[in-house]
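Subject: Model handover

Hi,

Here is the structure I promised. Please load it first, then read my notes underneath.

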Amino acid sequence: MSEQHTISDIKGSFELRNGVKMPYLGLGTYQSDNDQEVVDAVKSALQLGYRHIDTAAAYKNEEGVGQGIRESGIDRSEIFLVTKVWNADQGYDETLKAFDASLNRLGVDYLDLYLIHWPVAGKYKETWRALEHLYAQKKIRAIGVSNFLKHHLEDLMSECKVVPMVNQMEFHPYLVQQDLIDFCTSNGIQYESWSPFMQGKVFELDICADLAKKHNKSVAQIILRYNLQKGIVAIPKSVHAKRIASNADIFDFELSIADITFLDGLETGERSGPDPDNFNF
């Protein structure tokens, strides 16, 4: 838990298996509109010290994310930029085309991390082969997956040349999936969370409110600190500068092992988003 993971400040990172440093706190841009809204959110985050921006082809806001990066004045080399290949673009040749299209929209010439968005049956192995090719060409600094359960990972790893470096999963106190976290850890796959606030439901839990009171922090800050102390990269999404700043104000306190065990114990298996074994898009 917190003993194993040094949590320092907003620019701190976890090291991926290939030595690339992935900032452990980032800005998520899901549902951020591809206009001034996402441009301003990205600029705010970068100006506040964030160095990790997460988007996806499916979010349809890569142009705005790229614009925000350019307007921020922060050098591209300092930013860890992530996007994802969408389900309709999976397959070897299709993925190579989708990658080029994402780079075009973002206005960059490389990615720090490229993820397969969902494990599309019968396609994700060919998609992964394309990611391996792009990685070998040094067009991506790290490659990974999103929404892959243990059996998806095992299936992919049975044939791949490069084991995924990251697995981005739904993660919150109701969906901890510790067995999957442990499997990823034992295989050198960095765990990353999406929907850490359970699409807002976490703010309604009295137990989280109690922890917030105990540490004199907001529920969001408690949950993000919980992610980091478990060694999980967090990318809370927001388009509000004040909230983006508040989400980063998590480096002046520490949850106890008892606090973390308590949050882990809330697991119900309840998902806010689709089940990776049963999604139809």
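Start with helix α3: on the face turned away from its buried side, K97 and N104 are exposed. This is a predicted model, so please read everything below in that light.

The buried residues of α3 are T95, L96, A98, F99, S102, L103 and L106. Viewed down the helix axis, these buried residues fall within an arc of 165°, so they line one face of α3. Their cover includes α2 (62-72), β5 (80-85), β6 (113-116) and α4 (124-136).

The length of α3 checks out too. The helix runs over residues 92-106, which is 15 residues. At 1.5 Å a residue it should span 21 Å, and its end C-alpha atoms are 21 Å apart, so the two values agree. G107 follows α3 and has a positive phi, near 70°.

Next, helix α6 (residues 178-186). Here L180, I181, F183 and C184 are buried. They cover an arc of only 160° around the axis, which puts them on the same side of α6. The face turned away from that buried side carries D179, T185 and S186, which are exposed. What do the buried residues of α6 pack against? Their partners are α5 (150-157), β8 (166-170) and β9. Just after α6 comes G188, with a positive phi of about 70°.

That brings us to strand β9 (residues 190-194), where Q190 is found. Is Q190 buried or exposed? Its relative accessible area is 12%; the cut-off for buried is under 20%, so Q190 counts as buried. Leaving aside neighbours within four places in sequence, Q190 is in contact with F14, L16 and M22. The list also includes M165, V166 and N167, and then G231, I232 and V233.

Last, a helix pair. Helix α7 (residues 206-215) packs with helix α8 (residues 219-229) at an angle of about 90°, and their axes are 8 Å apart. That angle makes α7 roughly perpendicular to α8. From α7, the residues in the contact are C208, A209, L211, A212 and H215. They meet V219, I222 and I223 in α8. By type, the contact residues divide into 7 nonpolar, 1 polar and no charged.

When you have the model open, α3 is a good place to begin: look for K97 and N104 on the face turned away from the buried side.

Best wishes

Methods
Residues are numbered from 1 along each chain as its sequence is written. This is a predicted model: local features need pLDDT of at least 70, side-chain atom pairs count only at pLDDT 80 or more; totals for chains, interfaces and linings use all residues. Side-chain values use heavy atoms; hydrogens and water are left out. Axes are lines fitted to C-alpha atoms, for helices over the stretch in contact, and angles run from 0 to 180 degrees between N-to-C directions. Helices (H or I, at least four residues) and strands (E, at least two) are DSSP runs, numbered from the N terminus. Angles under 35 degrees count as roughly parallel, over 145 as roughly antiparallel, 65 to 115 as roughly perpendicular and the rest as oblique. Contact means heavy atoms within 4.5 Å. Ala, Val, Leu, Ile, Met, Phe, Trp, Tyr, Cys and Pro count as nonpolar, Asp, Glu, Lys and Arg as charged, and the others, Gly among them, as polar. The expected span of a helix is 1.5 Å times one less than its number of residues. Buried means under 20% relative accessible area, exposed over 50%, partly exposed in between (1.4 Å probe, protein chains only). The arc is that of the directions from the helix axis to the C-beta atoms.
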